[in-house]
Number of protein chains: 2
Amino acid sequence: MVELGELKEQSKAFHTQPRFSIMYLLFLKRRVGFTELKDLLGLTPGNLDHHLRKLEIAGLVRNRKILSWRPLNVIEITEEGAASFREYAISLKELLKRIQ
Amino acid sequence: MVELGELKEQSKAFHTQPRFSIMYLLFLKRRVGFTELKDLLGLTPGNLDHHLRKLEIAGLVRNRKILSWRPLNVIEITEEGAASFREYAISLKELLKRIQ
């Protein structure tokens, strides 16, 4: 199975943007810790934070602080975010059917 | 069949970048006039030119001036560009299989 990391290495001149990868991972996992997300995507904390803010303003993800023995920052996809990403992914699949 | 224009309207917060759309169209059509490409993608001439330069530097497209009753500017995908885009599209299709 192809992983996101491999995809990133191919054809940097036209690859999908980080927010696509963030939404893809959140769609599959529903919620991911900030640190895990940062490591999975190979982004700096500042860069991930920038993209998450954009997605949060668009109502697609939300940020939950969980109080445990140390504060945990967990990112969740919203219902609207999941619906919007699914619709987009299905359209993209349709477009990609023409590529053989 | 879904068209590129529709895709663009959905979820601007995470959609693919213009260079993906340029490569997609060039992969299917092999060569497209600059003006047609600009209109298909709804980009300004300056913006399209910027993206084409990036793709040209990466060796993925080439720019051909054709002398007719007026000079025509035609953009072609290179063999390397087509191979690279196909590989990327196939990986992306694999990733999108997980989205139901």
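Begin by selecting chain A and colouring it by secondary structure: in this predicted model, the chain holds five helices and three strands. Followed from the N terminus, the elements of chain A come in the order α-α-β-α-α-β-β-α.

Next, switch chain A to a surface coloured by atom type. The chain exposes about 5,500 Å², and carbon and sulfur atoms supply 53% of that area. Of the 100 residues of chain A, 47% count as buried. If contacts are then drawn between residues of chain A that are at least 6 apart in sequence, 45% of them join residues at least 24 apart.

With that overview in place, turn to the aromatic rings. A search of the whole structure, over all chains, finds six aromatic pairs. Select Phe27(A) and Phe85(A) as one such pair: their centres are 5.7 Å apart and their planes meet at 45°, an arrangement that is tilted. Phe27(A) belongs to helix α2 (residues 18-29) of chain A and Phe85(A) to helix α5 (residues 79-96) of chain A, so this pair ties together parts that lie 58 residues apart in sequence. Both Phe27(A) and Phe85(A) are buried.

Now move to chain B and select Phe20(B) together with Tyr88(B). Here the ring centres are 6.1 Å apart and the planes stand at 70°, and because planes over 60 degrees apart count as edge-to-face, the pair is edge-to-face. Phe20(B) is found in helix α2 (residues 18-29) of chain B, whereas Tyr88(B) is found in helix α5 (residues 79-96) of chain B, so the pair ties together parts that are 68 residues apart in sequence. Phe20(B) has a relative accessibility of 1% and therefore counts as buried; Tyr88(B), at 0%, also counts as buried.

Return to chain A and display the side chains of Phe20(A), Phe27(A), Phe85(A) and Tyr88(A) together, since ring pairs link these four residues into a cluster. The pair of Phe27(A) and Phe85(A), visited above, can be viewed again here, with its tilted geometry.

Keep Phe27(A) in view and add one more side chain. Which residue lies over the face of Phe27(A)? It is Arg30(A), at 4.9 Å from the ring centre. For the last stop, centre the view on Phe27(B) in chain B, where the charged end of Arg30(B) sits over the ring, 4.9 Å from its centre.

Conventions: Residues are numbered from 1 along each chain as its sequence is written. Chains are lettered from A and ligands numbered from 1 in the order in which they are written. This is a predicted model: local features need pLDDT of at least 70, side-chain atom pairs count only at pLDDT 80 or more; totals for chains, interfaces and linings use all residues. Side-chain values use heavy atoms; hydrogens and water are left out. Helices (H or I, at least four residues) and strands (E, at least two) are DSSP runs, numbered from the N terminus. Buried means under 20% relative accessible area, exposed over 50%, partly exposed in between (1.4 Å probe, protein chains only). Contact means heavy atoms within 4.5 Å. Accessible areas come from the Shrake-Rupley method with a 1.4 Å probe; for residues, only the protein chains shown count as cover. Rings of Phe, Tyr and Trp (its six-membered ring) pair if their centres lie within 6.5 Å; planes under 30 degrees apart count as stacked, over 60 as edge-to-face and the rest as tilted. A charge sits over a ring if NZ of Lys or CZ of Arg is within 6 Å of the ring centre and within 35 degrees of the ring normal.
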